[in-house]
Amino acid sequence: MNIIETLAQEFSLKVDQVEKTVALIDEGNTIPFIARYRKEVTGSLDDNVLRDLFDRLTFLRNIEKRKTEVSELITAQGKMTPEIQAAIDAAVTITEVDDIYRPFRPHRKTRASVAREKGLEPLAELLYAQLPTYEPSIEEQAAAYIDEEKGVASVEEALQGAKDIIAENVSDNAEFRKELRRLTFEFGFLSSKQAKEEDSVYAQYYEYSEPLKKVLPHRVLAINRGEKEEFLKVEVTVASEIVLNYLFAEVLLANNSPAEPYVSAAVLDSYDRLIAPSIEREIRNDIFDNASEGAIKVFADNLSHLLMQSPLKGKTVLGFDPGYAHGCKLAVVDKTGKVVDTAVIYPVKPREEIEKSKSILKRLISRHKVDVIAIGNGTASKESEIFIAGLLKEIPEDVKYIVVSEAGASIYSASKLAAEEFPDFDVMQRSAVSIARRLQDPLAELIKIDPKGIGVGQYQHDMKQARLDEALGGVVEDCVNAVGVDINTASYSLLSYISGINITSAKNIVKYREENGEFTSRAQLLKVPRIGAKAFEQAAGFLRVPGGKEIFDNTGVHPESYTAASELLQMFGYSKADVADGNLRDLRTKVQKVGSRTVSEKLGVGEPTLQDIVSELEKPGRDIRDTLPPPVLRDDILSLEDLKPEMELTGTVRNVIDFGAFVDIGVHQDGLVHISQLCDRYVKHPSEVVKVGDIVKVRVLSVDIPKKRIALTMRNKQKA
């Protein structure tokens, strides 16, 4: 297999484009660096395509590695033939490679291996030959294998041993297995039944059967979890005539041989005892892997949009972590993210110190000029929201509130990182800080939490954790590098996601900053221990130095392009001071008049790099998230009981899953917009229409108060 050509074909790219991109990966360049600063080499492939290409490259290389291993193992046995090598070379999956190796691998003790030890292989070969006649008869020839010492006591035992050998040989045939796997998937069903007399969330799968090729990914994951929790019995079924007709056609010679009954029995035994269970496992593993990959992509997409939500800049936020017996913990975080005050109040049961709580809260709002109150959506959130909404009506200040998902806040607050940040705070105080900061800057705060704990996926705990961690880690890395970070204010946890920087070097950056004062240039990064030339190359463009000696250090222009950027300014009569003052609004127009190709050739850079330099110089220090819709702030409360069918509301998309989207409409309980209600056209997946963080207009379809379920629609009224 030519991996480069295969990738080019699968991704509809040019061979040399793939070759150069793979070379960049093999040289140790990170995906964010390649996507941002090597566009001329890759043809401007974005980070999503690059990650998919990297995953596929790894997969294909693993297949090639396995092919080499299998070839060497078979060769070492002296059994390699041109036909076997050709079959290995033609295999396109690891399963196919392993099927080829199956007859050659050391077998654990089986019925067939025992029969071989008894010397019954010649009898098996005699039967499998299916001669038109046998003289002497099969039974008479089998009698010659009776040997008490070897454990063959009768003709029947000899023939059974021979059939066991035939059954295993049929099972080990790679071509048979490949076709039976295809037939089972093409015509088989995934079925499940109730495993215990008990109602559960899996009730819809208590009598379930669906063609394998039509089973939706989220159903595969739900059924697997139901089986794991012992609510379901699951199996793969296929009509026996479909698979057996194929096997009989391949194995039986149809010449009315006296051996046919024995071979037929061996084929039936082979399929029922050896092939079917194995193929069922393989197919279930395959559809689970495919479902997991799909769910991981949805999770990754949701996480990306969550992390890239618009920050609430320039606002003082009061984080409110609700609670009952231990009270509600408050933390006031100023416009820079610094904690300036904390308190504990008891406005809800069991103490209900409402007036005292109001007094404390009013004092905090007045003293610190609080703009927004961020309420965690956990325990006691509803009562806390009612309390806050009532309080805001009593004060003169224009303060809004928002209910913030506190998914993962408890994980962070109990973490080593939180203890390092706030050694004098208890767990709930840290949680209040996290709630406030995740409103101010979702990216900087949420990266401190294991992505699996953020609550925007489905069945994430059922997936292969290493693969999930790899995918989500890639998302966080892409988001952090897309935004860039201030090297003088970023925590080491945030810095560790920057291209080329690991935890150790991130801590070294913070330590250097503490010992030597703020960085005044990107070049100083080379003075930090464990930051060499390669790490600097990968990281520098994503780090910002506001107010530094070099204006380019506060842009996404890479140091390797500083000369080109300076020449560009000179070419059109600008100076670095114009960059700092934001006086480059006509730069793009001037470049276009001369022509991008002409300008880029004069500067010695590619056109994509030229366009990126222009964009960065136009808006130094820009935050790409500023173009996104801000969070929806509220000043009054809405309850589940207030909702009525046809009521129109504005909400925020909190989670996107395979069958729809959950939308926060301000009633503490997210409503579900089913995939069929997302728009007036057919959509294959909800992500085609909505993403996490979107502000959407919805209409209430129904409300089930006892079950706390809200059905919403985004379709036009006349079509819903």
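Which order do the strands of the open sheet of 3 strands take? In this predicted model, the order is β2-β1-β3, and the pairing is antiparallel. The edge strands are β2 (207-211) and β3, each of which pairs on one side only. From one strand to the next, the twist averages 15°. Strand β1 (residues 189-194) is joined to β2 by 5 bridges in the antiparallel sense. One residue pair can be named here: S191 has S209 in β2 as its bridge partner. Helix α13 (residues 217-228) lies across β1, β2 and β3. The helix α13 runs at about 130° to β3.

The chain as a whole sets the scene for this sheet. It holds 720 residues, of which 50% count as buried. There are 30 helices and 15 strands in the chain. The C-alpha trace spans about 110 × 70 × 55 Å along its principal axes. The accessible surface amounts to about 34100 Å². Carbon and sulfur atoms account for 51% of that surface. Contacts within the chain were also sorted by sequence separation. Among those between residues at least 6 apart in sequence, 66% join residues at least 24 apart.

Two helices, α11 and α12, come before the open sheet in the numbering of residues. Helix α11 (155-171) has 17 residues, and 13 of these are buried, so that the helix is mostly covered. From first C-alpha to last, α11 reaches 24 Å, close to the 24 Å expected at 1.5 Å a residue. Helix α12 covers residues 174-187. Its 14 residues should span 20 Å at 1.5 Å a residue, and the end C-alpha atoms are indeed 20 Å apart, which agrees. The N-terminal end of α12 is capped by N173. A side-chain oxygen of N173 lies 3.0 Å from the backbone nitrogen of E175. The buried residues of α12 are A174, F176, R177, L180, R181, L183 and T184. Several elements help to cover them, including α7 (94-101), α11, β3 (232-237), α14 (240-251) and α15 (260-307). The edge strand β3 of the open sheet is thus part of the cover over α12.

A hairpin is formed further along the chain by β5 and β6, with 5 residues between the strands. Strand β5 (residues 328-333) and strand β6 (residues 339-345) run antiparallel and are joined by 6 bridges. Opposite A331 stands T342 in β6. In this hairpin, G337 takes a positive phi near 95°.

The model also contains a barrel. It is closed by 5 strands in the order β11-β12-β13-β15-β14, and the pairing is mixed. Here the twist averages 50° from one strand to the next. Strand β13 (residues 671-674) and strand β15 (residues 709-713) run parallel, joined by 2 bridges. The bridge partner of V673 in β15 is L712.

Some backbone features stand apart from the general pattern. Most peptide bonds are trans, and most residues other than glycine have a negative phi. The peptide bond from E135 to P136 is cis, with omega near -5°. P136 sits in the loop between α9 (121-129) and α10 (138-143). A cis bond also leads from K349 to P350, with omega near 5°. P350 is placed in the loop between β6 and α16 (354-368).

Positive phi values occur in two residues that are not glycine. Phi of K369 is near 55°. This residue, K369, lies in the loop between α16 and β7 (372-376). K369 counts as exposed because its relative accessible area is 62%, over the 50% cut-off. A380 has a positive phi of about 70°. A380 lies in the loop between β7 and α17 (381-392). With a relative accessible area of 5%, under the 20% cut-off, A380 is buried.

R430 belongs to helix α20 (residues 427-440). At 10% relative accessibility, R430 counts as buried. Beyond neighbours within four places in sequence, R430 is in contact with Y412, S413, A418, A419, F422, P423 and F425. The C-alpha atom of R430 is separated by 30 Å from that of I657, which lies 227 residues away along the chain.

Technical notes
Residues numbered from 1 in each chain as written. Predicted model: local features only at pLDDT ≥ 70, side-chain atom pairs only at ≥ 80, totals over all residues. Heavy atoms only, no water. Pairing = 2+ DSSP bridges. Helix = DSSP H or I, 4+ residues; strand = E, 2+ residues; numbered from the N terminus. Expected span 1.5 Å × (residues − 1). Buried < 20%, exposed > 50% of the residue type's maximum accessible area, 1.4 Å probe, protein only. Contact = heavy atoms within 4.5 Å. Polar contact = N/O pair within 3.5 Å; in protein donor to acceptor, adjacent residues only side chain to side chain. Axes fitted to C-alpha atoms, helices over the stretch in contact; angles between N-to-C directions. Areas by Shrake-Rupley, 256 points an atom, 1.4 Å probe, with all protein chains shown as cover.
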